[in-house]
Amino acid sequence: MEEAALLIVPIDFSGGQSVPASPATLDAVAELYVKLVLAIGQHDAAYVDAYYGPPQWQVDARQQPKDLAALRREVDAALASLALQRPAGPDDALRALCLEKQLRSMQARLEMLAGAVLGFDEETVRLYDAVAPHHPRAHYAALVAEIERLLPGPGPVSARVQAFRARFAIPPDRLRAVMEAAIRAGRERTLEYIALPPGEDFALEFVTDKPWSGYNWYKGDFQSLIQINVDLPIYMDRAVDLGCHEGYPGHHVYNVLLEQDLVRGKGWIEYCAYPLFSPQSLIAEGTANYGIELSFTDDERLAFEQQVLYPLAGLDAALAPLYAQLNRLLARLSYADNDAAMLYLNGTMTREETIAWLIEVRLYPAEKAAQRLQFYEAMRGYVINYNLGQDMARDYVERQATDPDPARAKAQRWAAFRELMASPRPPSALR
């Protein structure tokens, strides 16, 4: 998230080929949009998640900063110009729609930077083009009761969960080997269905003192830096989760396809900049999470972990089936995370009450609950992009898998997944 992590890689936006020209005015709006992303990044260090466009534009943004009022006027002007466009075809219509959604999210972010306090659902619909469902505590209590039956014994359910999970912590000196194997397995499965450009690659780093567990910093030129936060223990289930989410077929593949298909292939320069607090993030996080289950069925994942990852970690795989069952139940509690964020950010729950909710309802350990609170404070409503995004991506992809033959239906899922990542599509269009 830090600005220092950004790297500008100049590229030939045409890919060395002739690219059909979009209407010049639409291209002009796209260029203004990119420059606005960079300008807002001067006020919000977390806003620009990736940029690999013309280096001079970032230099200009730093050397010629604009105040928030001026930026709001420019966003309004860009939207007014966009409203006058008459797209030449379906591609341009989708392009214009996504630009409009991204610009409107800019309006909301600028209001927030100027001091506006938005309600949780208002914030998520304006920034991410989506609103997550909410559930009462009783809904989650029924799920916690299932976990209690799975892990019977004395003491609070959360303590039982943490005691059991402690058996599956990956030793720090074995973490790199485990993570590299998990990422490699995701890559192999991805390449069966998605062709990636020659030379695409990533670097893997382990870091501390972050509010997140993993992050992909896309550098342009088909390169990523994947960082894993080791402040807290990394458990066996997280190897596949992080490997797929941050790498293949998740964020790394998502950004590679945007650069290859849209920036280089179509000359759509707006995709060389990725503003974090925008509808694009719901697609990015949703496909990254859905990509885990697309790559591994439950049985395939268990077999891979038992046969490959557990030995690499030096852990006993005898309890792996029970651990996998526990993690499937814990995943059903994911919306408790959203509700904790909403109640905390809306002022309904105090810091102490929110940590208690995360321990008793979401079943996090105390240290993870405290880290999660840091995430809410830094990222606010961004939390919905993971679970709601995953559900929306799954629903969209599954609707495309109509072939009764399992192998062909699987190929249809991967084709729909690729299209979802590499075509302009706002979250509200997935319904």
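I started at the front end of helix 18, where a side-chain oxygen of D405 comes to within 3.2 Å of the backbone nitrogen of A407. I count that as a polar contact (N or O atoms within 3.5 Å, one able to donate a hydrogen and the other to accept it; residues adjacent in sequence count only if both atoms are side-chain atoms).

A note on the source: this is a predicted model, with local features needing pLDDT of at least 70 and side-chain atom pairs pLDDT 80 or more, while totals for chains, interfaces and linings use all residues. Numbering runs from 1 along each chain as its sequence is written, and side-chain values use heavy atoms, with hydrogens and water left out.

Next I checked the length of helix 18 (a DSSP run of H or I, at least four residues). Its 17 residues, 406-422, should span 24 Å at 1.5 Å a residue, and the end C-alpha atoms are 24 Å apart, so the two agree. The expected span is 1.5 Å times one less than the number of residues.

Then I asked which residues of helix 18 are buried. I found A409, W414, A416, F417, L420, M421 and A422; buried means under 20% relative accessible area with a 1.4 Å probe, protein chains only. Their cover includes helix 8 (175-191), helix 10 (251-266), helix 11 (279-295) and helix 17 (384-400).

Last, I looked at the whole chain. I get 18 helices and 5 strands, strands being DSSP E runs of at least two residues. Of the 431 residues, 55% count as buried. The C-alpha trace spans about 65 × 50 × 45 Å along its principal axes.

Conventions. Buried < 20%, exposed > 50% of the residue type's maximum accessible area, 1.4 Å probe, protein only. Contact = heavy atoms within 4.5 Å.
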